[in-house]
Each structure stands twice: as C-alpha cells, then as structure tokens.
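User: I should like to go through this model step by step, beginning with its sheets and then turning to its pocket and salt bridges. Please give the reasoning before each result.

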Amino acid sequence: MYLEEPFTLTPEIFSPDNDGYDDFLQITYHFEKSGYMLNLQIFDSKGRFVKQLVKNELLGTDGYFTWDGTTEAKEKAQIGIYILNFEVFDMNKNLKKYKKSIVLGGKL
C-alpha cells in the first residue's frame, strides 16, 4: 500500500537566514496512487511541539511542502535538530507513521 520511504527532505541542513542559499526545507513525497491524507508536525530535539505544517491535506501521487523555519507563533525557530512526524492515512483509516530529522542551521 505505501512505499517504504515516500518522503525526502532537502537539504539535510537548511538555514532560513534569507541569504538565498538553503533558506527553506523542501519535503517531497511520492506515492504509487493518490488519495492519501497527511498530517505533518514538527518537534524540537526535546520533543516539544514547534509547528503543525500540514493538517489533513489530501495528497496526489507526487508533490512537496516547504518549511521556512518558523514556529506556530510565526517566530524564527532556534538553531538545532528537528523531528518531522508524518502521519499518512487512507479513506479506510489505514495509518502509517514516519519520522525524519533535519538540522536548522545558521550563523552564531
């Protein structure tokens, strides 16, 4: 039903400092068929909620989302490691979860 790893994150380290280089995290996906729904939440390395990036969005077979490094409060997230928690489900309520980590970098 699901690909083993439908999500790809690029770049692995991004720096949302508006220098024109790796300012956004791109989250691409690929499924064999359309019709899946996605919830995507971002947490910091201590497990604290940072942002609900996607909520109950209907997916096609291919697409992408971006994260600009902001929090739910529209503030710039701190430099560090972040966990992306993906929940993919179909109309029959079959649920599959994925977790991926990325690094939000920047100048100190």
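User: In what order do the 5 strands of the open sheet with mixed pairing lie?

Analyst: This is a predicted model. Its 5-stranded open sheet has mixed pairing, and the edge strands, β2 (13-14) and β5 (49-58), each pair on one side only. Read from one edge to the other, the order is β2-β8-β7-β4-β5.

User: Do β2 and β8 run parallel or antiparallel, and which residue of β8 stands opposite Ile 13?

Analyst: The two strands are joined by 2 bridges, and their direction is parallel. Within β8, the residue that stands opposite Ile 13 is Val 103.

User: What is the strand order of the open sheet of 3 strands?

Analyst: Pairing in this sheet is antiparallel. Its edge strands are β1 and β6 (62-67), each of which pairs on one side only. Neighbouring strands are turned against each other by 20 degrees on average, direction ignored. The order is β1-β3-β6.

User: How many bridges pair β3 with β6?

Analyst: Strand β3 covers residues 25-30 and pairs with β6 in the antiparallel sense. Thr 28 stands opposite Tyr 64 in β6. The number of bridges between β3 and β6 is 6.

User: Which strand gives the most to the lining of the largest pocket?

Analyst: The largest pocket has a volume of about 170 Å³. Among the 13 residues that line this pocket, the closest to its centre are Asp 44, Arg 48, Val 50, Gln 78 and Tyr 82. Two strands, β5 and β7, each supply at least two lining residues. With 3 residues, the strand that gives the most is β7.

User: How many residues of the lining of the largest pocket are nonpolar?

Analyst: The lining of the largest pocket includes 3 charged and 4 polar residues. The nonpolar residues of this lining number 6.

User: With which residue does Asp 44 form a salt bridge, and is Asp 44 buried or exposed?

Analyst: The closest N and O atoms of the Asp 44 salt bridge are 2.6 Å apart, and the partner is Arg 48. Both residues are also among those closest to the centre of the largest pocket. Asp 44 has a relative accessible area of 12%, and because buried means under 20%, Asp 44 is classed as buried.

User: Why does the salt bridge of Glu 5 and Lys 100 tie together parts that are apart in sequence, and how many residues apart are they?

Analyst: The side chains of Glu 5 and Lys 100 meet at 3.4 Å, N to O. Glu 5 lies in the segment before β1 (7-10), whereas Lys 100 belongs to strand β8 (residues 95-104), so the pair ties together parts whose separation in sequence is 95 residues.

User: What is the relative accessible area of Glu 5, and what is that of Lys 100?

Analyst: Glu 5 is partly exposed, and Lys 100 is partly exposed as well. The value for Glu 5 is 42%, and for Lys 100 it is 22%.

User: Which strands hold Glu 87 and Lys 97?

Analyst: Glu 87 forms a salt bridge with Lys 97, with the closest N and O atoms 3.9 Å apart. The pair ties together parts that are 10 residues apart in sequence, because Glu 87 lies in β7 (residues 80-89) and Lys 97 in β8.

User: Is Lys 97 buried or exposed?

Analyst: Its partner Glu 87 is partly exposed, with a relative accessible area of 25%. For Lys 97 the relative accessible area is 53%, and the cut-off for exposed is over 50%. Lys 97 is therefore exposed.

User: How many salt bridges does the structure hold?

Analyst: The pairs are Glu 5 with Lys 100, Asp 44 with Arg 48, and Glu 87 with Lys 97. The total number of salt bridges is 3.

Key. Residues are numbered from 1 along each chain as its sequence is written. This is a predicted model: local features need pLDDT of at least 70, side-chain atom pairs count only at pLDDT 80 or more; totals for chains, interfaces and linings use all residues. Side-chain values use heavy atoms; hydrogens and water are left out. A salt bridge is a side-chain nitrogen of Lys or Arg within 4 Å of a carboxyl oxygen of Asp or Glu. Helices (H or I, at least four residues) and strands (E, at least two) are DSSP runs, numbered from the N terminus. Buried means under 20% relative accessible area, exposed over 50%, partly exposed in between (1.4 Å probe, protein chains only). Two strands pair if DSSP finds at least two bridges between them. On a 1 Å grid over the protein atoms alone, a cavity is a set of points where a 1.4 Å probe fits but cannot get out, and a pocket is an open set with protein on both sides within 12 Å along at least five of seven lines; lining residues have an atom within 4 Å of a point. Grid points are joined across faces, edges and corners, and a volume is the space filled by probe spheres set on the points. Ala, Val, Leu, Ile, Met, Phe, Trp, Tyr, Cys and Pro count as nonpolar, Asp, Glu, Lys and Arg as charged, and the others, Gly among them, as polar. Axes are lines fitted to C-alpha atoms, for helices over the stretch in contact, and angles run from 0 to 180 degrees between N-to-C directions.
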